[in-house]
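Subject: A structure for you to explore

Hello,

Here is the structure I promised to pass on to you. Please open it next to this email and follow along as you read.

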Amino acid sequence: QVQLVESGGGLVQAGGSLRLSCAASGSIFSINSMGWYRQAPGKQRELVAIITNSGAGSTNYADSVKGRFTISRDNAKNTVYMQMNSLNPEDTAVYYCNAFIRYNAVGPNFSHWGQGTQVTVSS
């Protein structure tokens, strides 16, 4: 059984910052990519940022957050972070952590999701 537990959401004024964390635990052999998605009311879930486990970890960001958000990971802790700066009301959403996890050396990767954490940015 694998769990992803997110933390760090909350209410912040426009221009402020928040740092999200997501820790994976359970029967984990390895974690491939880890990422953050968000879903605003009435909208589809969208990719915010993703980081691979290769080398320094290559990253990819949604255009709307480039230059403001930074994703990073600590492989020893099975944890992914996202530093969010210069937040604006359009960033208000529930943020979900995602990870592709292998349970053993020969099996496939399985996608896992966290429960979501609310980020609200007031104007």
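Let's start with a small puzzle: which residue in E3 is the bridge partner of Val2? The partner is Gly26. If you would like to find this pair on screen, please keep in mind that the model is a predicted one.

**The chain as a whole**

The secondary structure consists of 11 strands and zero helices. Reading from the N terminus, you therefore meet one β element after another, in the pattern β-β-β-β-β-β-β-β-β-β-β. The C-alpha trace spans about 50 × 25 × 25 Å along its principal axes. For 123 residues, a compact globule would have a radius of gyration near 14 Å, and the chain agrees with this, because its own value is 14 Å. Of the 123 residues, 41% are buried. Among contacts with a separation of 6 or more, 56% are between residues that are 24 or more positions apart.

**The open sheet**

A good place to look next is a sheet of four strands. Strands of a sheet pair through backbone hydrogen bonds, and the pairing can be parallel or antiparallel. Here the sheet is open, its strands follow the order E1-E3-E8-E7, and the pairing is antiparallel. Strand E1 (2–7) and strand E7 (69–74) are the edge strands, each pairing on one side only. From one strand to the next, the twist averages 15°.

Your Val2 and Gly26 pair belongs to the E1 and E3 pairing, where six bridges join the two antiparallel strands. E1 also has two faces to compare: Val2, Leu4 and Glu6 make up the covered face, while Gln3, Val5 and Ser7 are on the uncovered one.

E7 pairs with strand E8 (residues 79–84), again in the antiparallel sense and over six bridges. In this pairing, Phe69 stands opposite Met84 in E8.

**A closer look at Ser21**

Ser21 sits in strand E3 (residues 18–26). Is Ser21 buried or exposed? Ser21 is buried, because its relative accessible area of 18% is under the 20% cut-off. Leaving out residues up to four places away in sequence, Ser21 touches Val5, Glu6, Ser7, Trp36, Val80 and Tyr81.

**The nonpolar core**

The largest nonpolar core holds 30 residues. Trp36, Val48, Phe69, Val80, Met82, Met84 and Tyr95 are the ones with the most contacts inside this core. Several elements give two or more residues to the core, including E1, E3, strand E4 (30–39), strand E5 (46–51) and strand E11 (117–122). The largest share, five residues, comes from E9.

Phe69 is a nice residue to click on here. Not counting neighbours within four places in sequence, Phe69 is in contact with Arg38, Val48, Tyr61, Met82, Gln83, Met84, Asn85, Leu87, Asp91 and Tyr95.

**The disulfide**

How many disulfides does the structure hold? There is one. A disulfide is a covalent bond between the sulfur atoms of two cysteines. In this model, Cys22 is joined to Cys97, with an S to S distance of 2.1 Å. The link between Cys22 and Cys97 is left-handed, with -80° about the S-S bond. Cys22 is in strand E3 and Cys97 is in strand E9, so the pair ties together parts that are 75 residues apart in sequence. Cys22 is buried, with a relative accessible area of 0%. Cys97 likewise counts as buried, at 0% relative accessibility.

**Two loop residues with positive phi**

Most residues other than glycine have a negative phi. With that in mind, have a look at Asn78 and Ser86.

- Asn78 is not a glycine, yet has a positive phi of about 50°. Asn78 lies in the loop between E7 and E8 and is partly exposed, with a relative accessible area of 24%.
- Ser86 is not a glycine either, and has a positive phi of about 50°. Ser86 is found in the loop between E8 and E9 and is partly exposed, with a relative accessible area of 43%.

Enjoy exploring, and write back with any questions.

Best wishes

Methods
Residues numbered from 1 in each chain as written. Predicted model: local features only at pLDDT ≥ 70, side-chain atom pairs only at ≥ 80, totals over all residues. Heavy atoms only, no water. Buried < 20%, exposed > 50% of the residue type's maximum accessible area, 1.4 Å probe, protein only. Contact = heavy atoms within 4.5 Å. Pairing = 2+ DSSP bridges. Axes fitted to C-alpha atoms, helices over the stretch in contact; angles between N-to-C directions. Core = buried A, V, L, I, M, F, W, Y, C linked by side-chain atoms within 4.5 Å. Disulfide = S-S within 2.5 Å. Rg over C-alpha atoms; globule rule 2.2 N^0.38 Å.
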